[in-house]
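Here's a quick walk through how some strands and helices sit together. Have the sequence and the 3D view open as you read.

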Amino acid sequence: MPEMSRRDALKAAAAAVVATQLSWALAADPAAAATAEATAGPVRLTWLEGGTPAEAPGTTFGVAWPKGALPADRAFALTADDGTTVPVQSWPTAYWPDGSLKWTAHAVGATTRTAESYTLAPGTPAKLAPGTPAKADTALTVDTKGGTIDVDTGVIQVSIAKAGAHDVVRSIKRGSAEIASKAELVVLRQPEIDDDYDGSGSSSRWERFTGRVSSVTVEQSGPVRAVIRLEGKHERGGRSLLPFVIRLYLYAGSEAIRVVHTITYDGAQEPGKDDGDFIKGLGLRIRVPLTDELYNRHVRLAGADDGFLTEAVQGITGLRRDPGAAVRTAQVKGEKLPDISTWDTRVSSALHYVPAWGDYTLAQLSADGFTVRKRTKAGHGWIHTTGGTRAPGFGYVGGVSGGLSFGLRDFWQKHPAQLDIRNAASDEATVTLWLWSPEAQPLDLRFYHDGLGQDTYEEQTAGLAITYEDYEPGFGTPYGIARTSELYLWANSATPTAGTLVAQKDALTTPPQLVAAPETLHKAGVFGGLWSPVDRSTPARKTIEDRLDLLFTYYRDQREQRRWYGFLDYGDVQHTYDPDRHTWCYDVGGYAWDNSELSTDLWLWLAYLRSGRADIYRFAEAMTRHTGEVDVYHIGKWAGLGTRHGVQHFGDSAKQVRISTPVYRRLFYYLTADERTGDLMHAQVDADETFLRLDPQRKVRTDGYVPGDRHALSIGFGTDWSGLGWAWWTEWERRGPKWRTARKKLLASASTIAAQPNGFVQGSGLYDLDTGAFALQSKPVIDVSHLSASFGLPELAAELIDAVDEKDLPGFRAAWLDYCRYFNATTAEKTARYGAGFKVSLVQGHSRLDAYAAKLTGEEALAQRAWRNFTASDGYPDASTSWTTTEVNGPTVLNAGTDAPWISSNSTALYGLAAIQDLALVGDALS
């Protein structure tokens, strides 16, 4: 296998191009270059949750840089707060159009002493190829020459199978000791569900599929961080199911492996059919060799609040005869027991009568409860062990000479989940981390109703009018949705101490993340100047900041109160509240799950950027993991499209790029360099092809248009183009494999929108897939939707105007300024400009258009209009807004908590975006 993958080669080539381009520019104006680089001073980094994590098995973080400040070949140095130099691996993740660095990623390995803060400073230009990482003191190495890919972190040695194997990890060793082996993916398929438990079904039948690797790519090869990508499908006989992508992350000096596991659903589950692909179990199975005596083998399972089940496979505590205090104490601590010859002989001579407990199961079937049971071996009865509320999904099995710690992140949040330990009394134990517990009902993805007679567009429109659900037969399919999970494995040289186990558990549940302060990111000028750090310096500003905090806190608490948890659901929020039932409209058509409606994701990420709050970051992270996977199709005829909000995340028939748009994933990617998120954004580059197959406006068409002509596709300038534009812009700034095509399409489409008789107000046009240009229309049209600017369009326009030279986007700035100036203008002003007025709504959310126009023009009247519209009655506050929540208890609600009937997710997202952007753009005009 080559040392550098094709993907790495393409990235290196692109980096070389932009580095050369920038070096020419800097050579032409060295004084300007020196001035620009002076703005890129050292960056201070701290841990997201504050303090110093007890366990940091390796972390990757992103940093932003001002436009023109750093050339693409700039190297970086990292120092801890005590001045110690820390090995760091650095690479670019985004460039400004001039080729200078916009975002960089940096990896830090495990260290013996984690610092509370670090300083990252640009160094001298690297004399190696652009993107080549700095040399580490103790380098991680990757060897691809043999039949396996072998990674040595300096602590553990990991052998990874190449294409064609059924194991994703062949072995994990510490020196000569093998800690684990033969890690494989497992899927249990069940053909039907006995819904009524009446015995008529045969739900006990199931088949086991095993993952088979079809391709392996070394995406990074050290010296601090290695990333190995494995792709394949689960197979049984001649059939395959659930394509997977696995990434293995290893860091220098670390004994841990981070596993990012993605499956895509490609089965069939149709209501009324008795042969479907119901997932009974989904997991990762690992074998753990055991050589210690049974009484020197240990099992640890974590419960709530740092609690642990602490047991030995063969216990010598609590017996009728006492082996001695030193023996008992050592076993509880997980230490090697004194030689058996020193024990009380009444125990040592009868040890064969003490049972060995080889099997353990911890099952978390809901967000509120787990159970633990054990047995001696298969064929014998289970013994109830204990139970609790919320297990973190962490455990250990092994002995005093070494063993495996293992964990599944978001364990109880993404229930039903399960941990199994089997055969710990034999020479080889088996650990299975179940992402979907086989003890739960199978994963049921059937559509939730029978169509209710909605066979025609007219009937479907009538249904939309009553339940807000956009139903169409055959569209409520899960085929092509995905889910990503994170797992961790630690190869220990001995049974960990209690303190080490807690530290490993904490690193699983809240992976340590280094971050730059909001002020540093703001100074870099990323995201078009549409946000600013939290500022409570005046009473008016404080009021808005307090209200933003209230809204986030309410949603954070509602997730807990309403139990917005589960394998597919965790990360999303709900859309509309039902004040009569004192619950959300979880069962009412389009009023149920939010699915990014009106840019909830974007509100949260901007809220994090400006505050640096860990709780907002973690909430947004979970949402990104959900909306980017479950709400979007990744394979099949709708690949590249997302699904509008509904009772089921995939159920609504509106499949659009406004949901799959990269703007909702982009900030998470740049803050973490997460490769899976990068995949999702790159996959959107060709989303314009989907307009050949599906017309988003098909149910309301009156002009006879039918998609199919690749040179004349009807595409809207609002929700459609913004989704496409974000994909092209992100690919361009990342210098992805298709960045030149993306750049061409972005510039051509933006320029030809601007050239329309009414610019963005024209509403839509006929798009050429090959050139990226819209056909120029001869007659002015007024076609303005309240949704056009609600899914990332203002943010895209601001970034393009800020970053791209105006000569490359002729007329775009003026056309967007025109839209911003007139959207909330009076009817008379609109008529004077366009010949007729147009009605608008969501005025509060669109106040950020007024603010942006004010910023561009400096017109005080527009700034004042922005703040007047920010207090418009169609948002917060309206007649019902109290800016308070009330306590509710039973029997009014199922779970006690808070109630705020005046809050809706649409209004919250728009209020949040408008508040953040208005404060950044025209905050000085706020009285």
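What follows covers a small sheet and then a pair of helices.

This is a predicted model, so local features need pLDDT of at least 70, side-chain atom pairs count only at pLDDT 80 or more, and totals for chains, interfaces and linings use all residues. Residues are numbered from 1 along each chain as its sequence is written, and side-chain values use heavy atoms, with hydrogens and water left out.

Helices (H or I, at least four residues) and strands (E, at least two) are DSSP runs, numbered from the N terminus. Strands pair if DSSP finds at least two bridges between them.

Let's take the sheet. Its 3 strands run in the order 2-6-5, open and with antiparallel pairing. Strands 2 and 5 are at the edges with a single partner strand each, so one side of each has no neighbour in the sheet. Strand 5 and strand 6 pair over 6 bridges, and Tyr95 stands opposite Leu101 in strand 6.

| Element | Residues |
|---|---|
| Strand 2 | 59-64 |
| Strand 5 | 89-95 |
| Strand 6 | 101-108 |

Helix 14 (residues 719-734) packs on this sheet, touching strand 5 and strand 6; contact means heavy atoms within 4.5 Å.

Now the helices. The axes (lines fitted to C-alpha atoms, for helices over the stretch in contact, with angles from 0 to 180 degrees between N-to-C directions) of helix 8 (residues 539-561) and helix 10 (residues 614-627) come within 11 Å and cross at roughly 60°. Where do they meet? Phe552, Tyr555, Arg556 and Arg559 in helix 8 touch Asp615, Ile616, Phe619 and Ala622 in helix 10.
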